[in-house]
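Here are a few exercises to work through with the model open in your viewer. Try each one yourself before you read the solution.

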Amino acid sequence: MLNTPESNQEPLLLVIIRLLRWHKPEGRLILMIPALWAVFLAAAGKPPLPLVGVIILGTLATSAAGCVVNDLWDRDIDPQVERTRDRPLASRALSVKVGIVVGIIALACAAVLAFYLNPLSFWLSVAAVPVILLYPGAKRVFPVPQLVLSIAWGFAVLISWSAVTQSISTPTWLLWGATLLWTLGFDTVYAMSDREDDQRIGINSSALFFGKYAPTAIAIFFVGTIILLAEVGVLVHLHVAFWITLIIATLAWIWQSLRLRNPELPHPAYGEMFRQNVWIGFLILAGMISGSL
């Protein structure tokens, strides 16, 4: 049954921007980072600029579609969660019909961009769609839904790397693994702010699954990320700039892991650490580019 939007003075365009989370760019950028890691590493620091543009636009379109799909799934759950109750579909500021149309447009934009890619990258893009569409449902039936999100994130690596080389090699899979573990880490941090609400309404999350061991699990995920990124650096012969940025990232992740052990950590701190991971990711990207040249 379609929801009817409440009377709202906010312009429709601004409501749609909120639906797509473009007013909170961190979540869009953090999907873009693994894709950029892959395309720059695969091209030894010098990918074709048109391809970089396609990948940037593709990640924006894909993440936009993912946000809409997520909010359509959760439109009756989000009002019960403090952090999400003001989302357009949850607050009925936007109808389900409009949400579906926006989601279809976002997927169509991603599809058009995918036609620019070679056949392997194109079919990897197609394979990613079911994961994106089903991720929001995973939190209802799967104890660690963040793993499904991590697999979706990992497609950004496979698609972007193969877009340059038309193949997938050992460094590709190592970077995929690093992305998977990094995503598990930062998204478990993000989920920690919703633990009470998720437990009350019966929604699964990695933060609830690991319980009091969540900070330890996050630290392990970050350690795995560091090890796999280091292996990638060795295999593709990255120079000193990459290793400097990886050391800085390691120190940042150690600091976050220690901070998470504070049981009195205020809820806004989890979102703050999530946003810090965006800058950590871009720092590593800078190191990958500089270390490739």
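Which residues does alanine 38 touch, not counting residues up to four places away in sequence?

**Exercise 1: placing alanine 38**

Keep in mind that this is a predicted model. Start with the address: alanine 38 sits in helix α2, which covers residues 26–42. Next, look for its partners beyond four places in sequence: these are Val157, Ser160, Trp161 and Leu175. Then check the accessibility. Alanine 38 has a relative accessible area of 0%, and under 20% counts as buried, so alanine 38 is buried. To finish, take a distance: from alanine 38 to arginine 275 it's 21 Å, C-alpha to C-alpha, with their positions 237 residues apart in sequence.

**Exercise 2: how α3 meets α4**

Work out how helix α3 and helix α4 pack, and find what lines their contact.

First, get the geometry. α3 (residues 49–73) and α4 (residues 96–114) have axes 8 Å apart, at an angle of about 155 degrees. Angles over 145 degrees count as roughly antiparallel, so that's what α3 is to α4. The crossing of α3 past α4 is left-handed.

Now list who takes part. On the α3 side the contact residues include Val54, Leu57, Gly58 and Ala61, while α4 brings in Val96, Gly99, Ile100 and Gly103, among them. Sort the contact by class and you get 15 nonpolar, four polar and no charged residues.

**Exercise 3: zooming in on alanine 106**

Is alanine 106 buried or exposed, and what does it touch?

Alanine 106 belongs to helix α4. Its relative accessible area is 9%, so it counts as buried. Set aside neighbours within four places in sequence, and alanine 106 is in contact with Ala61, Ala64 and Ala65. Pick alanine 64 for a distance check: it's 42 residues from alanine 106 in sequence, yet their C-alpha atoms are 6.2 Å apart.

**Exercise 4: α5 against α6**

Describe the crossing of helix α5 and helix α6, then take a look at α6 by itself.

Begin with the axes: those of α5 (residues 119–141) and α6 (residues 145–165) come within 9 Å and cross at roughly 165 degrees. The two helices are therefore roughly antiparallel to each other. α5 passes α6 in a left-handed crossing.

The contact draws on Leu120, Leu124, Val131 and Tyr135 of α5, among others, and on α6 residues including Val148, Leu149, Phe155 and Leu158. By class, that contact holds 16 nonpolar, three polar and one charged residues.

Turn to α6 alone. Its 21 residues reach 31 Å from first C-alpha to last, close to the expected 30 Å. Count the buried ones and you find 17 of the 21, so α6 is largely enclosed by the rest of the structure. After α6 comes glutamine 166, with a positive phi near 60 degrees.

**Exercise 5: α10 and what follows**

How many residues does helix α10 have, and what span do they reach?

Count along residues 214–235 and you get 22. From first C-alpha to last, α10 reaches 32 Å, close to the 32 Å expected at 1.5 Å a residue. Just after α10, histidine 237 takes a positive phi of about 60 degrees.

**Exercise 6: a loop serine**

Where is serine 205 found, and which residues does it touch?

Serine 205 lies in the loop between α8 (195–201) and α9 (206–210). With 3% relative accessibility, serine 205 counts as buried. Leaving out residues up to four places away in sequence, serine 205 touches Pro143, Pro145, Gln146, Ala191 and Asp198.

Definitions and conventions:
Residues numbered from 1 in each chain as written. Predicted model: local features only at pLDDT ≥ 70, side-chain atom pairs only at ≥ 80, totals over all residues. Heavy atoms only, no water. Axes fitted to C-alpha atoms, helices over the stretch in contact; angles between N-to-C directions. Helix = DSSP H or I, 4+ residues; strand = E, 2+ residues; numbered from the N terminus. Parallel < 35°, antiparallel > 145°, perpendicular 65-115°, else oblique. Left-handed = near helix turned anticlockwise from the far one by under 90°. Contact = heavy atoms within 4.5 Å. Nonpolar A, V, L, I, M, F, W, Y, C, P; charged D, E, K, R; others polar. Buried < 20%, exposed > 50% of the residue type's maximum accessible area, 1.4 Å probe, protein only. Expected span 1.5 Å × (residues − 1).
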